[in-house]
Amino acid sequence: MQQYDYIVIGAGSAGCVVAERLSQDPNTSVLLLEVGGKNNSALLSIPLAAAAILNNPAFSWCYNTEPEPYLNNRSINWPRGKVLGGSSSINGMIYIRGQRQDYDGWAAQGNQGWSFDELLPYFIRNEKNSRGASSHHGDNGPQWVGEIAHEFEMSDRFIVAAEAAGIPVNNDFNGPQQEGVGYFQAMIKDGRRQSSATDFLHLCKKRKNFTMITKAMTNQILIENGVAIGVSYSRGKQTLIARCSKEVLLTAGAINSPQLLELSGIGDRDRLQALGVELHHHLPGVGENLQDHLTSNVCQSMTKGKTFYDEMRPLSFIKNIVRYFGSRSGLLALPAAQVGVFMKTSDNLPTPNAQIHFAAAAGTYNNKGDMVPTPGVTASVCLLRPTSRGSVHCQTTNPLDHPEIRANYLQTEEDVADMLSALKKTRQIFATPLLDEFGCTEETPGAHLQSDEQLIEYLRQYSVSVYHPVGTCKMGADPMAVVDDRLRVHGIANLRVSDASIMPNLISGNTHSCCVVIGDKCADMVIQDQLLKKRQEVS
């Protein structure tokens, strides 16, 4: 039997932050459990190696959705981090916060403390931006945010082409407004990936009050009389019990957090009964409200100009390896996407509703449906605020068994129409004469596909995930909410959820930096509530 003040389940984007913040108090003991291993593999530090680790079972859960009914019954690949740092150790490293309206929308639903103005100080205090401090940025936080090297002329020219297509240049997507085209900033420092593990765990690893256990599979949250009192977890062939005197913090992500709640008897009554799980609290919203960004590629082959394809040829690749390990620069130090676009699919919209990840890399599909690299570039366009909703639910009572994931991409007519418009607008950028000198030819969708019906079929057949699942333990006070605005699980004391699953609605962009803020704010609320509890006990 082990005893701690706090138990944090999952060392991902938010979990590392929660554990670090709570362990700052030397009189507080913190246990951090992570089912994956340590993040000491060289593959996890090389930025461009992300593509090689997404579906590596040593670092990823390698999930897949159920056959998606609106994507021609295709199962969509969903890699999620299974290593210290969670998905921040295998993601694209792009730093995006989302829009002011995203968070103000959360607050408008009754979630006090979650407006943009209330969260901005958290973004600033966690950020160490290479550009320095400003009204929107910090330069003294643990989370590194830096510039992306301009390695390819086509990336610069794509920005000029997008501007010619009516999209304003924006050098800071995390500044006063998001709309525009420009280079992303990324969480890459001195040519190495920066994750929540590298940013936060090094701050607390040597604290005597902090315990971290890897390769630890949490089987169940232990609940007595409606109170979370600890966890049962497995390590190797051992099953162990850890108890807490204060709180259990569930930070396992949008897939594993609802799964563990259901395994612990928190969820829909009928669903748990069918699984044979003892009910502790009926919460029908557990595992519902799943949202994700769906993306579709516009690939252009090129007859002139340097691309990833040229740099990956044997001799050039050897030179890039030497360059990387000599100066931590060059091709291997780049994220998968370098240039971004946030655009409106209609002039009637108040803010951008589509995002492009642009890279000087391309590929075409072979007869097996696999992508084969070719000389060219790709603009991958996604819908930022989809209206389609899915679910995540346990299929068995074994925590190692993958849950049933149903994204229901393109379920709504609105999503289909907006994705179609986003695809067309991306094509318009490539149609500008400014790109003619590179000898561009559209490979996908392909010039032969022009009608709406043809393009919609292309979307259904070839769109994939951007890997931003959220919403499955949503915050709110309605009957389908799982946590309140202090992230406390409804109906269960001393249990909170703090990760992407609590988002009521998907933010407009990449989700990692938002998860960091969720973790930081959660830790603040835990500390505040514990102080209030002490005062009440004294009085």
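These are my notebook entries on a predicted model.

**Entry: cysteines**

I looked for disulfides first. A disulfide is a covalent bond between the sulfur atoms of two cysteines. I found 0 disulfides in the structure. Cys 244 is in none, and its nearest cysteine sulfur, that of Cys 522, lies 13 Å away. Cys 244 has 9% relative accessibility, so I noted Cys 244 as buried. Next I checked Cys 515. Its nearest cysteine sulfur belongs to Cys 514, at 5.7 Å, and Cys 515 is in no disulfide. A pair counts as a disulfide only within 2.5 Å, so 5.7 Å does not qualify. Cys 515 is also on my buried list, because its relative accessibility is 7%.

**Entry: helix H5**

Does the length of H5 agree or disagree with what its 12 residues should span? I took 1.5 Å a residue for residues 153–164, which gives an expected span of 16 Å. The end C-alpha atoms are 17 Å apart, so the length agrees.

Then I listed the buried residues of H5: Met 154, Ser 155, Arg 157, Phe 158, Ile 159, Ala 161 and Ala 162. They pack against several elements, among them strand S7 (180–183), strand S22 (376–383) and helix H11 (413–430). Strands S18 (339–343) and S19 (354–359) are also packing partners of these residues. Just after H5 comes Gly 166, with a positive phi of about 100 degrees.

**Entry: H1 meets H13**

I turned to helix H1 (residues 15–22) and helix H13 (residues 512–538). Their axes come within 8 Å and cross at roughly 35 degrees. I recorded the crossing as right-handed. Which residues of H1 meet H13? They are Val 17, Val 18, Arg 21 and Leu 22. On the H13 side I noted Val 516, Gly 519, Asp 520, Ala 523, Asp 524, Val 526 and Ile 527. By class, this contact has 7 nonpolar, 1 polar and 3 charged residues.

**Entry: backbone in the loops**

I looked up a cis peptide bond. It runs from Thr 444 to Pro 445, with omega near 0 degrees. Pro 445 sits in the loop between strand S25 (441–444) and helix H12 (452–462).

Positive phi values came next. Met 93 is not a glycine, yet its phi is positive, about 70 degrees. I placed Met 93 in the loop between strand S4 (77–78) and helix H3 (100–108). Arg 328 also has a positive phi without being glycine, near 55 degrees. Arg 328 lies in the loop between helix H10 (314–327) and S18.

Is each one buried or partly exposed? Met 93 counts as buried because its relative accessibility is 1%. Arg 328 is at 25%, so Arg 328 counts as partly exposed.

Key: Residues are numbered from 1 along each chain as its sequence is written. This is a predicted model: local features need pLDDT of at least 70, side-chain atom pairs count only at pLDDT 80 or more; totals for chains, interfaces and linings use all residues. Side-chain values use heavy atoms; hydrogens and water are left out. Buried means under 20% relative accessible area, exposed over 50%, partly exposed in between (1.4 Å probe, protein chains only). Helices (H or I, at least four residues) and strands (E, at least two) are DSSP runs, numbered from the N terminus. The expected span of a helix is 1.5 Å times one less than its number of residues. Contact means heavy atoms within 4.5 Å. Axes are lines fitted to C-alpha atoms, for helices over the stretch in contact, and angles run from 0 to 180 degrees between N-to-C directions. A crossing is left-handed if the near helix is turned anticlockwise from the far one by less than a right angle, and right-handed if clockwise. Ala, Val, Leu, Ile, Met, Phe, Trp, Tyr, Cys and Pro count as nonpolar, Asp, Glu, Lys and Arg as charged, and the others, Gly among them, as polar.
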